[in-house]
Amino acid sequence: MGDLIPGLPEEVARECLLRVGFRQLPAARRTSRQWKAEVESPLYGRLRRANGHARPILALAQALPPLAASGPAHKYAASAALSNSYRLVLHDPADGGWATLPPLPGGRGLPLFCQLAAVACVERRKPVVVGGWDPETWAPTDTVHVYDFLEGAWRSGAPMPGPRRSFFACAAAGGRVFVAGGHDEEKNALRSAVAYDAEADAWAALPDMALERDEPRGICVGARFVVAFDTDAWAWDPVLDRLVDEGACPRTCCAAPSAAGAMYMLRGGHLAVRDGDSVWRVVAPVPEDGRAATVVVAIGDGRVAAIGAGRHGGEQAVYVLSKEAGTNGAAPSWARVLAPQEFAGHVQAACCVEV
């Protein structure tokens with residue numbers, strides 16, 4: 001075995017590899033057997049996080065841009081002609097970059113109404129696509145797909161067991177994706193729940209919920225899958241009273257990816273936060289052209305992204321809120337993310353994955 005990078009001390013060469021961006025990881029892995037062994041080692045992932053080189057990336061299930069007869073989007077018209085076409089898009093809040101991941105196996109787009117989650121596999125984080133509707137037949141699917149940033153490719157996972165469910169709660173805690181509720185193909189609400197181990201590529205049944213839950217929202221707060229499941233005790237907790245206001249849209253509820261994770265949601269045109277068992281408190285008003293937000297995502301470094309429009313069916317906008325505490329006592333503020341026309345499509349689901 002020679003030097004990682006000829007002519008450089010090992011610690012300097014390793015620091016160079018730690019700084020490789022997520023877009024270049026597959027190429028770095030293919031460079032040599034030594035580099036492959038280095039970037040695949042659990043130590044590599046730990047060092048990237050410890051040295052601040054791993055960073056949160058937004059993963060979005062986004063529609064292809066609308067058909068345009070002329071203008072900057074014209075070159076995307078051919079692919080956009082396929083209705084109901086969604087792909088997985090990545091946005092790096094740190095450098096403002098946008099990228100698309102390869103299509104699913106077989107060259108397919110994402111299922112409609114699929115769920116996204118980010119799981120921990122050893123020392124690596126991977127986005128997982130679960131369920132949804134076949135974009136051609138609109139039939140519910142039980143498919144699972146996992147993306148590996150090192151390989152730069154998808155793999156198909158074990159199918160989701162039980163009835164083919166739609167509009168279910170879904171969230172990740174550690175290396176598992178938790179699924180609960182929704183409805184079956186006969187529109188019967190479900191109380192069953194299952195968990196997917198991404199490393200073992202295996203599903204396990206969970207205890208049924210006390211009540212059926214159709215179109216629920218699932219988030220993981222610390223070790224709790226909130227619809228509300230204790231992932232340590234492997235048991236359902238009693239219902240938390242008034243966790244979400246009556247009539248509020250649970251789709252805009254999310255949790256910060258940390259052990260003590262705070263919960264966020266949109267309430268009355270404002271972003272609100274709830275720490276532990278405390279009451280909801282207002283953080284900041286949402287900009288006018290983002291108040292019909294369909295997705296809210298907590299970013300691992302303390303920021304929050306809201307994705308939506310000023311009205312239903314309007315132009316999509318991505319806003320990122322600065323860290324809640326602010327600096328020098330300043331109130332937190334929103335910054336609109338600039339997106340090229342090819343990344344202006346509707347976002348139906350999102351998650352945050354550390355790479």
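1. A residue counts as buried here when its relative accessible area is under 20%, and as exposed when that area is over 50%, with partly exposed in between. Keep that cut-off in mind for what follows. Tyr147 sits at 6% relative accessibility, so it is on the buried side. One caution before going on: this is a predicted model.

2. Now the broad view. The protein has five helices and 24 strands. It runs to 355 residues, and 48% of them count as buried. Take the contacts between residues at least 6 apart in sequence: 51% of these join residues at least 24 apart.

3. Back to Tyr147, which has a ring partner. Tyr147 and Phe149 make an edge-to-face aromatic pair, with centres 5.2 Å apart and 85 degrees between the planes. Phe149 is buried as well, at 6% relative accessibility. The two also belong to a wider group: a single aromatic cluster takes in Phe22, Tyr147, Phe149 and Trp154.

4. How many aromatic pairs are there in total? The count comes to nine. Among them is Phe113 with Trp133, another edge-to-face case, at 4.9 Å centre to centre and with 80 degrees between the planes. What I like about this pair is where its members come from. Phe113 lies in the loop between β3 (98–100) and β4 (115–121), while Trp133 lies in the loop between β5 (124–130) and β6 (144–148), so to speak a link between distant parts of the chain, 20 residues apart. Are the two rings' residues buried or exposed? Phe113 is partly exposed, at a relative accessible area of 38%, whereas Trp133 is buried, at 18%.

5. Next, have a look at helix α3 (residues 33–40). Its buried residues are Gln34, Trp35, Glu38 and Val39. They span an arc of only 120 degrees around the axis, and therefore fall on the same side of α3. The background is simple: an α-helix has 3.6 residues a turn, so residues three or four places apart point the same way. What does that side of the helix pack against? The buried residues of α3 pack against α1 (10–18), α2 (25–31) and α4 (42–50).

6. Strand β1 (residues 56–63) deserves a point of its own. Eight of its eight residues are buried, so β1 is largely enclosed by the rest of the structure. In a regular strand the side chains alternate between the two faces of the sheet. Both faces of β1 are covered: Pro56, Leu58, Leu60 and Gln62 are buried on one side, and Ile57, Ala59, Ala61 and Ala63 are buried on the other.

7. Which strands does β1 pair with? One is β24 (residues 347–354), joined to β1 in the antiparallel sense over seven bridges. Pro56 stands opposite Glu354 there. Another is β2 (residues 86–91), also antiparallel to β1, over six bridges. On that side, Leu58 has His91 as its bridge partner.

8. Strand β8 (residues 169–173) is mostly covered too, with four of its five residues buried. It pairs with β9 (residues 176–180) in the antiparallel sense over five bridges. If you want to trace the register, Cys170 is bridged to Val179, and Ala171 to Phe178. The two strands form a hairpin with two residues between them, and Gly174 in the turn has a positive phi of about 65 degrees.

9. That hairpin is part of a bigger arrangement: an open, antiparallel sheet of four strands in the order β8-β9-β10-β11. At its edges stand β8 and β11 (202–206), each with a single partner strand, so one side of each is left without a neighbour in the sheet. From one strand to the next, the twist averages 20 degrees.

10. Last, the cysteines. How many disulfides does the structure contain? A search of the whole structure finds zero. A disulfide is a covalent bond between the sulfur atoms of two cysteines. The cut-off used here is sulfur atoms within 2.5 Å. Why does Cys253 not make a bond? Its sulfur is 6.7 Å from the closest cysteine sulfur, in Cys254, and that is too far. Cys253 is buried, with a relative accessible area of 4%. Cys16, by contrast, is partly exposed, at 37%.

Methods:
Residues numbered from 1 in each chain as written. Predicted model: local features only at pLDDT ≥ 70, side-chain atom pairs only at ≥ 80, totals over all residues. Heavy atoms only, no water. Phe/Tyr/Trp six-rings, centres within 6.5 Å; stacked < 30°, edge-to-face > 60°. Buried < 20%, exposed > 50% of the residue type's maximum accessible area, 1.4 Å probe, protein only. Arc of directions from axis to C-beta. Contact = heavy atoms within 4.5 Å. Pairing = 2+ DSSP bridges. Axes fitted to C-alpha atoms, helices over the stretch in contact; angles between N-to-C directions.
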